[in-house]
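Grab a coffee and work through these short exercises with the model open beside you. Each task comes with a solution in steps.

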Amino acid sequence: MTRQFEVTLRDGAARLGKLRWKERELTTPHILESKEDLELLKKAVTDNEELRVEVVSDPDDIGSREITADVVILGAALRFERDPRGLSRALMSVRESINPDAALYTPALATPANLSMLVYAGVDLIDTVLPEVKAREGFVLYTDGEDRFDETQGFPCVCSACLGTAVDNAAIEQRIARASEHNQVALRAELSRVRRHIGQGTLRELVEGRCRATPVMTAFLRLLDEAYPYFERRAPLVRTATLLACSQESLNRAEILRFNERVISRLTQREGILLLLPCSARKPYSRSRSHKVVLECVRAFRPFINEAIMTSPIGIVPRGLEVMYPAGNYDVPVTGKWTCDEKEWVRGRLIEFVEVNSFTTVIAHVDGPYREICDEAAAMLDVDVVYSVEDEGVLSPVALQRLEEMVKDAVAAHSPKRRDVRFDYIRDTVDYQFGKSTSARIFLSAPKVRGRFPTYYVSDGGRRVATLVEKYGTCALTVEGARRYIGKRASQYCVWIDDFVPKGTVFAIGVQRADPVIRPFDEVIVLNDNTIAVGRALMSGWEMQRSNRGAAVAVRHVEDR
Amino acid sequence: MKRTQNHEARDQNVSASDIRANLNDHHVRSRTQPVAWTGWDLLNGETVPTLTVVLRTRGCYWARRKGCTMCGFVCDSNPSATGPDIYREFLGVLARFGKEFKIIKIFTSGSFLDSEELSPDVRNAILAELKDVPKTIIESRPEFVTDENCEEIARSNAHVEIAIGLESSNDYIRERYINKGFTFRDFIRASKAARSSGFTVKSYLLLKPPFLTEAEAMRDTIQSVKDTTEYADIISLNLCNVQRGTFVEKLWKKRLYRPPWLWTAVEVLTQTAGNMPIICDPVAGGMRRGPHNCGICDHEIVAEIRRFSLSQDKASFKTTCADKVLWNFVLEFEEYSYGAPLVP
Ligand code: SF4
Ligand SMILES: [Zn+2]
Ligand SMILES: [Zn+2]
């Protein structure tokens with residue numbers, strides 16, 4: 001268990017933290033800049049006094065060795081400079097075998113171009129060694145790559161090292177000194193950028209841009225993305241930052257894959273009529289003009305049908321999850337043209353969605369690329385897909401009228417059960433967060449929904465059970481809701497704590513056991529023999545179990561058990 | 001000897017079994033004729049013509065068993081070559097090149113004094129042919145440099161110099177990183193045995209075994225020269241190069257090893273020259289697998305090292321180059337990479 005390091009904020013595998021060392025408190029990610037620090041850390045490997053430091057040279061060979069150091073050094077990390085496969089494997093394998101509250105150091109590897117990606121993969125400590133080597137090899141480093149300084153007339157840079165100094169005729173030693181200074185400034189600048197992005201929860205967006213600097217780095221990100229479980233285990237349930245899907249790699253984000261996985265595996269099965277709609281720029285979709293117009297025209301029938309939205313890169317969004325991250329909170333470049341990857345992705349999600357539910361009729365009020373996707377999907381499904389739009393556009397009166405008639409006829413033909421459209425949001429969100437058929441367990445009779453979209457309060461049997469929180473798109477349970485959820489055998493989404501009454505923040509040190517499935521921002525139930533509480537997870541469940549330091553749960557309500 | 005912190009940190013990464021496992025796939029090269037070539041070398045302060053003959057014995061028994069981490073010598077591909085064959089071939093080489101050399105080197109890719117490689121009859125017959133040559137250099141591991149063996153070959157009246165691959169005077173480095181299988185004390189004993197039979201002793205030192213940083217390697221070799229002065233008459237500095245099929249090659253391919261900088265060799269030579277002859281032939285100098293600098297200055301420095309070997313004159317080293325700044329940085333900071341060379 002670590003003593004000197006604490007993670008204070010997480011953004012996926014990346015973290016901000018505090019390292020107490022030699023009467024200092026360093027904010028991580030941190031750059032070890034001075035030779036003294038490098039030397040002190042090296043000494044600590046053998047001294048093991050205040051700071052416990054351990055070197056892992058062969059990540060494949062950790063075996064059952066228990067590593068409890070505060071700082072773990074990936075030995076000879078520089079060997080992976082041009083080996084993205086080796087690097088991604090090594091980083092993830094070390095990270096998974098050490099305590100989550102241990103700081104990971106990759107010596108002599110960071111450059112302005114790769115810093116963001118190292119941190120994204122879970123690195124906490126870096127140094128300026130490689131930028132200094134590169135300067136002496138004749139390279140000026142930038143976040144987008146490097147220049148040889150005899151190929152540049154001065155450096156195209158206005159940092160403190162470069163500003164106002166002409167290097168055209170300078171002696172080689174002067175050029176090296178300046179390049180060295182610039183390279184270190186560039187590294188520091190990138191570090192503060194990276195920290196800011198972690199703070200905002202947008203490091204992924206930065207990394208998708210940075211990885212374009214070299215094929216090695218693009219490969220590195222793609223290889224990391226192949227490790228879905230590694231990132232899913234660290235990805236928060238929701239973010240307040242908007243997910244920007246600006247690159248091909250955006251499709252591979254853990255949060256997007258997880259969203260689709262849960263839509264398929266956790267939601268209550270639907271039947272009857274499915275209305276497919278195109279996405280809108282404004283989120284949640286039902287606040288957009290296009291959705292308002294369409295919904296207005298089928299308003300009378302909405303309690304009898306299911307709605308789902310087709311979108312890149314999210315896939316298929318059931319109406320009830322339109323507020324949930326990332327569906328409620330993403331942005332994509334809109335050109336009207338979809339790439340093959342996007343089409344293939346959405347088509348796959350549509351097929352899956354129709355297959356796991358039991359629709360009798362699918363009405364698609366779509367055109368353009370959406371229609372192409374529907375056509376391709378329909379060829380592989382045994383449900384007929386009918387279109388309410390021909391070539392007049394989804395908002396044209398003709399198409400809208402056709403839609404209204406189709407829906408009306410379908411409802412008349414199947415006479416489905418009437419539902420409260422507002423309750424769909426609660427049902428889908430609760431199932432999405434807590435697992436299949438949770439809603440059936442919590443809502444016993446006829447739940448009553450109050451409030452204005454999307455802030456809904458749900459009571460059941462006269463007692464408040466859950467609230468849909470607009471800010472996060474999540475459902476917060478009341479203690480009554482929690483009691484109904486855990487039933488007699490508390491297990492999922494539960495955190496067992498020592499014998500104290502939780503107030504405010506529960507720290508990892510007080511956690512006895514936690515469901516490993518819990519992710520940051522999940523609603524959790526905090527338990528011990530005498531109390532039951534509800535709150536929001538601040539770290540993953542497996543991390544609570546394996547950490548000594550850091551805030552684990554923000555508690556909202558406590559009651560006697 | 002001294003076991004430093006750094007070595008402990010790295011030791012997790014090496015074990016004798018690793019080394020063994022890695023050495024089993026030594027390349028096997030076959031040879032049907034003895035190899036011989038001529039060159040120049042230093043004798044009593046003079047540059048003299050030399051002949052080198054490599055006999056095709058079964059080769060080093062140690063290489064066959066475990067082998068040293070950097071050594072590309074392999075088990076014999078022609079174990080049927082008998083003593084008489086080898087002797088006949090040796091006479092053939094003498095017939096071709098003559099005996100008019102001041103120095104003749106008889107190498108076996110192993111130990112000349114190992115009777116499993118070369119029977120006593122054959123080695124005595126070979127040496128007897130060379131009794132008029134001012135210096136005959138043979139190579140042997142110290143365990144074969146016994147009083148008995150030395151007295152026996154002394155009877156040939158050849159002027160023998162025994163070259164022993166000590167590599168480093170540091171037992172820890174020699175054992176753990178080179179896997180040499182003998183101690184500095186073994187070397188001292190062998191040196192005494194050789195000298196009491198009237199032979200001179202040459203000590204091979206290895207600049208930059210695996211797992212040492214550039215600075216550690218430099219310090220180790222400088223220290224080794226000092227430690228060896230008493231027990232050797234001449235030092236031959238071998239700049240480690242990456243030979244096929246060796247453990248060092250595996251490390252090199254994983255970017256965990258880099259041959260020494262030529263600057264380091266120059267530094268070792270200038271710091272140690274003067275007390276005793278120290279020679280150096282930068283094999284594969286300037287190549288990626290051999291000792292190298294930035295690629296611009298390598299050629300000149302290799303030439304200077306060769307010149308120095310013949311003259312022992314420190315003034316041979318004149319070249320300067322911009323990469324010296326980089327080399328200095330490497331000396332100072334390579335230990336903070338925890339095992340990877342800072343510059344490939
Ligand atoms: S270096 Fe010498 S002792 Fe070691 S294996 Fe090679 S020939 Fe044998
Ligand atoms: Zn600059
Ligand atoms: Zn040079």
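**Exercise 1.** What area is buried between chain A and chain B, and what percentage of it do carbon and sulfur atoms give?

Keep in mind that this is a predicted model.
- Start with the area: about 2,500 Å² is buried between chain A and chain B.
- Now split it by atom: carbon and sulfur give 63% of that area.
- Next, count residues: 29 from chain A touch 23 from chain B.
- Finish with the charges: three salt bridges run between chain A and chain B. One pairs A:K35 with B:E332, with the closest N and O atoms 3.3 Å apart.

**Exercise 2.** Find the protein donors of the zinc ion (ligand 2) and work out their arrangement.

- List the donors: A:C157, A:C159 and A:C162 each offer SG, while A:H182 offers ND1. They sit 2.0 to 2.3 Å from the zinc ion.
- Check the angles: the four donor atoms subtend 103 to 117°, so the arrangement is tetrahedral. For reference, the ideal tetrahedral angle is 109.5 degrees.
- Read the spacing along the chain: C-x1-C-x2-C-x19-H.
- Place the ends: A:C157 is in the loop between β10 and α5 of chain A and A:H182 is in helix α5, so this pair ties together parts 25 residues apart in sequence.
- Compare accessibility: A:C157 is partly exposed at 21%, whereas A:H182 is buried at 2%.

**Exercise 3.** Which residues touch the most other members of the largest nonpolar core?

- Among its 174 residues, pick out B:I162 and B:L342.
- Follow B:L342: its contacts include A:L78, A:V129, B:F329 and B:F333.
- Look elsewhere: a separate core has 60 residues, A:L267 and A:V294 among them.

Technical notes. Residues numbered from 1 in each chain as written. Chains lettered and ligands numbered in written order. Predicted model: local features only at pLDDT ≥ 70, side-chain atom pairs only at ≥ 80, totals over all residues. Heavy atoms only, no water. Donors = N, O, S within 2.8 Å, 3.2 Å for Na, K, Ca; no water. Tetrahedral: all angles 85-135°; square planar, octahedral: opposite > 155°, others 65-115°. Helix = DSSP H or I, 4+ residues; strand = E, 2+ residues; numbered from the N terminus. Buried < 20%, exposed > 50% of the residue type's maximum accessible area, 1.4 Å probe, protein only. Core = buried A, V, L, I, M, F, W, Y, C linked by side-chain atoms within 4.5 Å. Contact = heavy atoms within 4.5 Å. Buried area = accessible area lost by both parts, 1.4 Å probe. Salt bridge = Lys/Arg side-chain N within 4 Å of Asp/Glu carboxyl O. Lists of a residue's contacts leave out its neighbours within four places in sequence.
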